[in-house]
Amino acid sequence: MDTTRYEALAAGSAFGIVVIVVGGLIIAAALVWAVGLGIKVKQREPRTPRGGEHPTLPESGPVHETQQRREPDEVPRAEETGRRLTPHELSSSGSRRSEDQSRPRWDDGSSGSFGSGGTGGK
């Protein structure tokens, strides 16, 4: 019986196990170092404000806030102008302020945004 071959295989597998264990230890050490680094970075950050330290709204309400209805700024078709618009000729906003600033209301018999707006099975 030739045991040299079995001894060589056993030595190779033992070396593989050692490599795996050493690699695992290196990864574990790197994770421990990363957690320690994260804790140090967190300690250098300013603390979060307490309940009474948060900014509050003024009594007059939010400032610099407006509500308005917008409507799409239609792009003229090439048939209307005789030529196509280039990108620098387009406006920066895709909408403009609507003339009618009243809030839209649901109409009786419409289903809102669902379906075709029909009677809805009435």
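Only 2% of the 122 residues in the chain are buried. The structure is a predicted model, and the chain exposes about 11,700 Å², of which carbon and sulfur atoms supply 59%. Among contacts in the chain with a separation of 6 or more, 43% are between residues 24 or more positions apart.

A look at the secondary structure helps a newcomer to find the way along the chain. Two helices and two strands are present, and from the N terminus on they follow the order α-β-α-β. Helix H1 spans residues 4-44, and helix H2 covers residues 78-81. Strand S2 takes in residues 95-97.

Confidence in the prediction can be followed along these elements. The average pLDDT of the chain is 78, and 76% of the residues score at least 70. Confidence is highest in helix H1, with a mean of 87, and lowest in helix H2, where the mean is 74. As a general caution, predicted coordinates should not be read in detail where pLDDT is low.

One residue deserves a closer visit: Ser98, found in the segment after strand S2. Ser98 has a relative accessible area of 10% and therefore counts as buried, the cut-off being under 20%. The side chain of Ser98 reaches the backbone oxygen of Asp100 at 3.2 Å. Beyond its neighbours within four places in sequence, Ser98 is in contact with Arg69, Arg70 and Glu71.

Methods:
Residues are numbered from 1 along each chain as its sequence is written. This is a predicted model: local features need pLDDT of at least 70, side-chain atom pairs count only at pLDDT 80 or more; totals for chains, interfaces and linings use all residues. Side-chain values use heavy atoms; hydrogens and water are left out. Helices (H or I, at least four residues) and strands (E, at least two) are DSSP runs, numbered from the N terminus. Buried means under 20% relative accessible area, exposed over 50%, partly exposed in between (1.4 Å probe, protein chains only). Contact means heavy atoms within 4.5 Å. Accessible areas come from the Shrake-Rupley method with a 1.4 Å probe; for residues, only the protein chains shown count as cover. pLDDT is the predictor's confidence in each residue, from 0 to 100. A polar contact is a pair of N or O atoms within 3.5 Å; within protein, one must be able to donate a hydrogen and the other to accept it, and residues adjacent in sequence count only if both atoms are side-chain atoms.
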